[in-house]
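Reader: I'm new to this. Could you walk me through the words people use for a structure, and show how each one is earned?

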Amino acid sequence: RAKGDAAAVSTALLHDREAALRAATSAMRASRDRQDATKDAALRTTLAALAADGRAALEARDAAEDARARAEHEKTRAEEKAARAEDMLRTVERDADVRISEMERACEDRVRSARDAQRAQHAAGAAAAREVLELRRLLDEERLIRRDEAAWRAAGEERLRQRRLVAVATAMRRAHGRWR
């Protein structure tokens, strides 16, 4: 009965470990799905920001071109107004260039951040996979240890049975010798 209880406990532990392995695998799959969703959201956000920045840059360029056209028209009417219009045009262009440069830098930063996030997610997935492999290796090692323990116990029980048989045979021989 004790052997049966030990085997039941051993089997329950093995089932628990296999359930833990299944749970770890499931968690890794869920983590990978969350990572994919995060990557998709980051890419969508980046693309939307790039599109908005592109539209803003085009609008800024259109505004600069409109200002230049107005300045040239005013230049034909008065030299003084033309000089002021040229100053205004240079200011608008400078501001537009500054805004475009800032938007380009912001876009590059967003792309860099998205790439960094993607690298971090890949590293996390690889670490989870390594953990699962280590868990599997430990389970296999434990199965081998249990198999060796069972063989050792069986050999010990066989030696004990042999000793008892020898002891009984020796006792019977001695008893037979006394009765003669």
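Author: Sure, let's start with one residue: at 35% relative accessibility, Asp 36 counts as partly exposed. Keep in mind that this is a predicted model, where local features need pLDDT of at least 70 and side-chain atom pairs count only at pLDDT 80 or more, while totals for chains, interfaces and linings use all residues. Residues are numbered from 1 along each chain as its sequence is written, and side-chain values use heavy atoms, with hydrogens and water left out.

Reader: Why is Asp 36 called partly exposed?

Author: Buried means under 20% relative accessible area, exposed means over 50%, and partly exposed is what falls in between (1.4 Å probe, protein chains only). Asp 36 has 35%, so partly exposed is the label.

Reader: And what makes Lys 39 count as buried or exposed?

Author: Lys 39 comes out at 19%, under the 20% cut-off, so Lys 39 is buried.

Reader: How do you know that Asp 36 forms a salt bridge with Lys 39?

Author: A salt bridge is a side-chain nitrogen of Lys or Arg within 4 Å of a carboxyl oxygen of Asp or Glu. For Asp 36 and Lys 39 the closest N and O atoms are 3.6 Å apart, so the pair qualifies. As a general point, side chains of opposite charge can pair when their charged atoms come close.

Reader: Where do Asp 36 and Lys 39 lie?

Author: Both are in helix α1 (residues 2-77), three residues apart, about one turn of the helix. A helix here is a DSSP run of H or I with at least four residues, while a strand is a run of E with at least two, and they are numbered from the N terminus.

Reader: How many salt bridges does the structure hold?

Author: There are 16. Another one joins Arg 68 and Glu 93, with the closest N and O atoms 2.1 Å apart. That pair links distant parts of the chain, with Arg 68 in helix α1 and Glu 93 in helix α2, 25 residues apart.

Reader: What makes Arg 68 partly exposed?

Author: Its relative accessible area is 34%, which sits between 20% and 50%, so the label fits Arg 68. Glu 93, at 24%, is partly exposed because that value is in between too.

Reader: How do you know that Asp 148 forms a salt bridge with Arg 147?

Author: The closest N and O atoms are 3.5 Å apart, which is within 4 Å, so Asp 148 and Arg 147 pass the test. Asp 148 has 44% relative accessibility and is partly exposed. Arg 147 has 52%, over the 50% cut-off, so Arg 147 is exposed. Salt bridges can also link up: Arg 17, Glu 142 and Arg 146 are joined in a network of them.

Reader: What is Gln 121 in contact with?

Author: Leaving aside neighbours within four places in sequence, Gln 121 is in contact with Gln 35, Thr 38 and Lys 39. Contact means heavy atoms within 4.5 Å. Gln 121 is found in helix α2, and at 12% it counts as buried because that is under 20%.

Reader: Why is Thr 25 called buried?

Author: Thr 25 has 15% relative accessibility, which is under 20%, so buried is the word. Thr 25 has its place in helix α1. Not counting residues up to four places away in sequence, Thr 25 touches Val 132 and Arg 136.

Reader: What about Ala 57: buried or exposed?

Author: Ala 57 is buried, because 18% is under the 20% cut-off. Ala 57 lies in helix α1 and touches Ile 100 and Met 103, again not counting residues up to four places away in sequence. The C-alpha atoms of Ala 57 and Ala 96 are separated by 7.6 Å, with their positions 39 residues apart along the chain.

Reader: How far are the C-alpha atoms of Ala 120 and Arg 161 separated, and what is Ala 120 called?

Author: Those C-alpha atoms are separated by 61 Å, and the residues are 41 apart along the chain. Ala 120, in helix α2, has 47% relative accessibility, so Ala 120 is partly exposed by the in-between rule.

Reader: And what makes His 122 partly exposed?

Author: His 122 has a relative accessible area of 47%, between the two cut-offs, so partly exposed applies. His 122 is found in helix α2 (residues 79-179).
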